[in-house]
Number of protein chains: 2
Amino acid sequence: MNPRALGQIRALTFDVFGTVVDWRGSVIRDGEELTRRTGVKTDWGAFADAWRGEYAPSMKPIREGARPWVGLDTLHYENLLATVKRLGVEGLGEQDLRWLNLAWHRLDPWPDAAGGLARLKRKFVVVTLSNGNIAMTVDLVRHGNLPFDAVLGAEVARQYKPHPQAYLTTVSLLQLEPSQVMMVAAHNSDLRGASKAGLRTAYVIRPTQSGPGQKTDLAPEGDWDVVANDFVDLAAKLGA
Amino acid sequence: MNPRALGQIRALTFDVFGTVVDWRGSVIRDGEELTRRTGVKTDWGAFADAWRGEYAPSMKPIREGARPWVGLDTLHYENLLATVKRLGVEGLGEQDLRWLNLAWHRLDPWPDAAGGLARLKRKFVVVTLSNGNIAMTVDLVRHGNLPFDAVLGAEVARQYKPHPQAYLTTVSLLQLEPSQVMMVAAHNSDLRGASKAGLRTAYVIRPTQSGPGQKTDLAPEGDWDVVANDFVDLAAKLGA
């Protein structure tokens, strides 16, 4: 990217699910633990995909103003009940389901995440800008020992990405202009939203975030400012 | 304190000015730097005290609903102009004053803060619950290399301590009950506010936070759950 534009960047804001943490592998791992504990069997890969499939549609009414704000833990639980029903998974009690819903608080980071963040942090403010609610993201940050400076994003805006308000609230809380902030995400749709809100963009390729058969987000689909293979590569490309 | 009540605590929320960082010493240090740079002389200790003296009155109209929310950087700047005028300090331009106002982003931590927090963090979620705005607190956390899990407090509540909303918004963002959260502060007034909101309380004695002649907050003035000499002592007393 233009070195002058790069020199203006003060903060990096990070998408979390898929970008910082491996949601799919971690949900499968917790599903398999539930199978060992309860004997209830299902294809946890297909289950994780179906559950995640409900994610985008569930936020839509909130972004469109048709439903008041609720946090992602609440949406995840509604989506979990729908997924259990649709896939015909039987035998899980409410306590099991509540525990499984918290799988999203126990997602493992990608191997490069903590080290890359530590490098990026020396040069930039590094904060989360996730659709995950604060408590969920705090748990993820603690679980992965991720050295973020702050946990911001959708809940402080009471609006979900890619609505501009989700990005601009975090930018405003950092007392920066959108052009001073770079959104880091493994999802082209997230970067399109960030770019529309005036932020700079860094695309990090996470080719297995949606599993071994991933078909989307395998390459940049926009003129993003930086494209990197992981957070260590991103640090190198940003001179951190 | 009652070991059973202690066992319920999941998160510690920290006051910052005076409790985590030495605001007075750091403001004096930056004032002295301004004197070296501009030749403008004043008693920076008296200046720091007068500036800080405007702090509580400036938040009052906001807590009482007579003024819409503005962040602490804005109040600090208004209070700085009033202090400069009242003490008759002449010769500082707007650029100098803007720089001096950011002294509150460069406050040094007490020597025990980072190490004590690292210990406490192993057992508890550790977050800021400061009247400082997010950008200010992020700068302080980065400046002092303070391992907080998140930066919350007044700005996310759009209300200043000791208003109950300031405490309860942070508690709610952490998805906890007030009884699961312990407020850590070197100010009895802050702990009174936290206690009224239902939080547990830890008093940390900072006998020079207001300078060598400190007359207030030299001892606990309430039945606080824990009293500690510093953050390392607090970690020991909380079994962390």
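This note goes through the predicted model point by point, from the pairing of the two chains to helix packing and backbone details.

1. **Symmetry of the pair.** Chain A superposes on chain B after a rotation of 180°, with 0.0 Å of shift along the axis. The RMSD of that fit is 0.0 Å. This is the relation of a two-fold axis. In chain A, the C-alpha nearest the axis belongs to A:A150, at 2.5 Å from it.

2. **Which surface is used.** The two copies meet through the same surface, because 100% of the interface residues of chain A are also interface residues in chain B. Chain A puts 23 residues into the contact, and chain B puts in 23 residues.

3. **Area of the interface.** The size of an interface is often given as the accessible area lost when the parts come together. Here the area buried between chain A and chain B is about 1700 Å². Carbon and sulfur atoms give 57% of that area. Which three residues of chain A supply more of its buried area than any other three? They are A:R142, A:D149 and A:L173, with 33% of the area that chain A buries against chain B.

4. **Helices α5 and α6 of chain B.** Helix α5 of chain B covers residues 72-86, and helix α6 of chain B covers residues 94-101. They pack at an angle of about 125°, with their axes 10 Å apart. α5(B) and α6(B) are therefore oblique to each other. Their crossing is right-handed. From α5(B), the contact uses B:D73, B:H76, B:Y77, B:L80, B:L81 and B:V84. From α6(B), it uses B:E94, B:L97, B:R98, B:L100 and B:N101. By class, this contact has six nonpolar, two polar and three charged residues.

5. **Helices α3 and α5 of chain B.** α5(B) also packs with helix α3 of chain B, residues 44-53. The angle is about 130°, and the axes are 9 Å apart. That makes α3(B) oblique to α5(B). The crossing is right-handed. On the α3(B) side, the residues are B:F47, B:A50 and B:W51. They meet B:H76, B:N79, B:L80, B:T83, B:V84 and B:R86 in α5(B). The contact of α3(B) with α5(B) divides into five nonpolar, three polar and one charged residue.

6. **Residues of α5(B) to check by eye.** B:H76, B:L80 and B:V84 are listed in the contact with α6(B). B:H76, B:L80 and B:V84 are also listed in the contact with α3(B).

7. **Helices α3 and α4 of chain B.** How do the axes of α3(B) and α4(B) run, roughly parallel or oblique? Helix α4 of chain B spans residues 55-63, and its axis comes within 4 Å of that of α3(B). The two cross at roughly 15°. That angle is under 35 degrees, which makes α3(B) roughly parallel to α4(B). B:W51, B:R52 and B:G53 of α3(B) make the contact with B:Y55, B:A56 and B:P57 of α4(B). The residues divide into four nonpolar, one polar and one charged. B:W51 appears here, and B:W51 also meets α5(B).

8. **Cis peptide bonds.** A cis peptide bond joins A:K161 and A:P162, with omega about 5°. A:P162 sits in the loop between α9 (154-157) and α10 (164-173) of chain A. In chain B, the peptide bond from B:K161 to B:P162 is cis too, with omega near 5°. B:P162 is in the loop between α9 (154-157) and α10 (164-173) of chain B.

9. **Positive phi.** A:R158 has phi near 50°. That is a positive value in a residue other than glycine. A:R158 lies in the loop between α9 and α10 of chain A, where A:P162 is also found.

Note on methods
Residues are numbered from 1 along each chain as its sequence is written. Chains are lettered from A and ligands numbered from 1 in the order in which they are written. This is a predicted model: local features need pLDDT of at least 70, side-chain atom pairs count only at pLDDT 80 or more; totals for chains, interfaces and linings use all residues. Side-chain values use heavy atoms; hydrogens and water are left out. Axes are lines fitted to C-alpha atoms, for helices over the stretch in contact, and angles run from 0 to 180 degrees between N-to-C directions. Angles under 35 degrees count as roughly parallel, over 145 as roughly antiparallel, 65 to 115 as roughly perpendicular and the rest as oblique. A crossing is left-handed if the near helix is turned anticlockwise from the far one by less than a right angle, and right-handed if clockwise. Contact means heavy atoms within 4.5 Å. Ala, Val, Leu, Ile, Met, Phe, Trp, Tyr, Cys and Pro count as nonpolar, Asp, Glu, Lys and Arg as charged, and the others, Gly among them, as polar. Copies are superposed by least squares on the C-alpha atoms of residues with pLDDT of at least 70 in both. Buried area is the accessible area (1.4 Å probe) that two parts lose on being put together, summed over both.
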